[in-house]
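Please look over the sequence and the model below before reading on. The report takes up the nonpolar core, the salt bridges and a charged patch.

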Amino acid sequence: MFKKKIMAGFAVFMGAMWLCTVISKSYYTTKLPVVSTATPEEKYIEHIVEADGIVVEGGSQAVNALGGLRVSEVSVQIGDRVEEGDELFRIDLEDLREIMAEKQSQISKLQLQINAILENQELARQKKELDEKRAREDYDAAARQKDTEVGRAAEQYAQAMEDLEDAIYGDTDGLSDEEIEDRMNGLGEEEQERLKDALQSAAYAEADAKLERDNAMRDAQRAVEDTLLPENADASLAVAREEVGLLQRDLADYQEVLNQEGIVFAETAGMVTGIYVEAGSRVPDSAAMMLTDDAIPCQFKVILDKEQRKYVGYGDEASVKLDGSGREIEVTVDYISESQTMPGSYETLISLSKDGDSGSGKWIPGLSGVLRRVERGEKYRCCISPHAVYYTTDNRTFVYVLRQREGILGEEYYVEEVNVKVLDENENWVAIEPGAIDTESRIIDYSDKEIEKGDVVRWIE
């Protein structure tokens, strides 16, 4: 009987202990972080790029008008569609006529200057002819005079020579040599010296006359040559005529504007994308307006960041969906390059067809839309949720793997930290290099509390 009581008491004790254990374990378990897991899957890592963009003109054309004319009225606004021959803006005709009158006045003044220059040139020509004529007359007169003087000096020299010979020799006909020598000896020395001096003076006079003649003729020749020299170069006539020509061309251009009643028309069809004139202002020397060039298809322009650039390249196929359009348009990337104004970003251009379905029958510059490109990527054996991957500041990547072990209260689940290498990723999946984990690993992808390596957790399958 006593033994039965002991056995009954022990059973009650053991039951109480079991109950306490269950209660303790249940209480302990409720305090643990609750986690869920997933095993790696085999997946293709797709990359979807979506970027906002805008339609821009494929080409543009400038509307030019005569610079300096005052604008009286602008007939279009940015975004307006114009056809060939449509009115763009008007010129103030009263101001135009004033400019033309001023140009004509300038031409008249220049013409007076040209006439004066031509008259002065004619007078200068006549004077030059007269100077040449007189110089030649002076040359001829000097030649006659100096030749005469040289001739007279030569005659004087000849006469002196004859006087000397007559005094010395006289008439020697019939005289012997002894008689001629006696006559010479009979002529006094003083008379001989006088006659010789006279001959020498005549010789000097002849030489001086010739030298004077040569100098006079040289000077006269130079005077003639001076009259034949060309006049100093003078570009005033050419400059004045050039200015008149320019003014006359301006007048012809202004007259053409006047003939069109000051209206500036569109030469080709397009959309107005820039207006650089306003009523009361003057037309600039550069473009007055800018129009799109309908001959060149519009383009869709997108700015991609560095990450998006990895999956979009030249020649890639993509799609564009424009605001107001119910369908996507299949396109090809025509141009991609790093932006000059936004370093680190990439400017992407996509040609659109000449005629598009954007709700109005044509592409409209300024219309916004979205570029979308899907790249299927590679197939990876171990892919997990991005929520299961952790990145550290020292460029380490790890996941938490659920492990099982024997604890104080029996079997329990704990967290093990495993370093991994990421091969590829998108917003839905991360591809992990096999090895550290495999397709049987239970990767923790959710926890209701913050967990760390070694923490005991409660697993919900």
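The text that follows goes from the core to the charged side chains.

This is a predicted model, in which local features need pLDDT of at least 70 and side-chain atom pairs count only at pLDDT 80 or more, while totals for chains, interfaces and linings use all residues. Residues are numbered from 1 along each chain as its sequence is written, and side-chain values use heavy atoms, with hydrogens and water left out.

The largest nonpolar core (buried Ala, Val, Leu, Ile, Met, Phe, Trp, Tyr and Cys residues joined through side-chain atoms within 4.5 Å) has 31 residues, and Leu 69, Leu 88 and Phe 89 have the most contacts inside it. At least two residues of this core come from each of β7 (87–91), α2, α5 (236–259) and β10 (289–292), and α5 gives the most, with eight residues. Helices (H or I, at least four residues) and strands (E, at least two) are DSSP runs, numbered from the N terminus.

The whole structure holds 25 salt bridges, each being a side-chain nitrogen of Lys or Arg within 4 Å of a carboxyl oxygen of Asp or Glu. Three of them are listed here.

| Salt bridge | Closest N to O |
|---|---|
| Glu 41 and Lys 43 | 3.8 Å |
| Arg 249 and Glu 242 | 3.9 Å |
| Asp 316 and Arg 373 | 3.5 Å |

Asp 316 lies in the loop between α6 (306–309) and β12 (317–322) and Arg 373 in strand β16 (residues 368–375), so their pairing ties together parts that are 57 residues apart in sequence. Arg 373 is buried at 13% relative accessibility, where buried means under 20% relative accessible area, exposed over 50% and partly exposed in between (1.4 Å probe, protein chains only). Arg 249, at 47%, is partly exposed.
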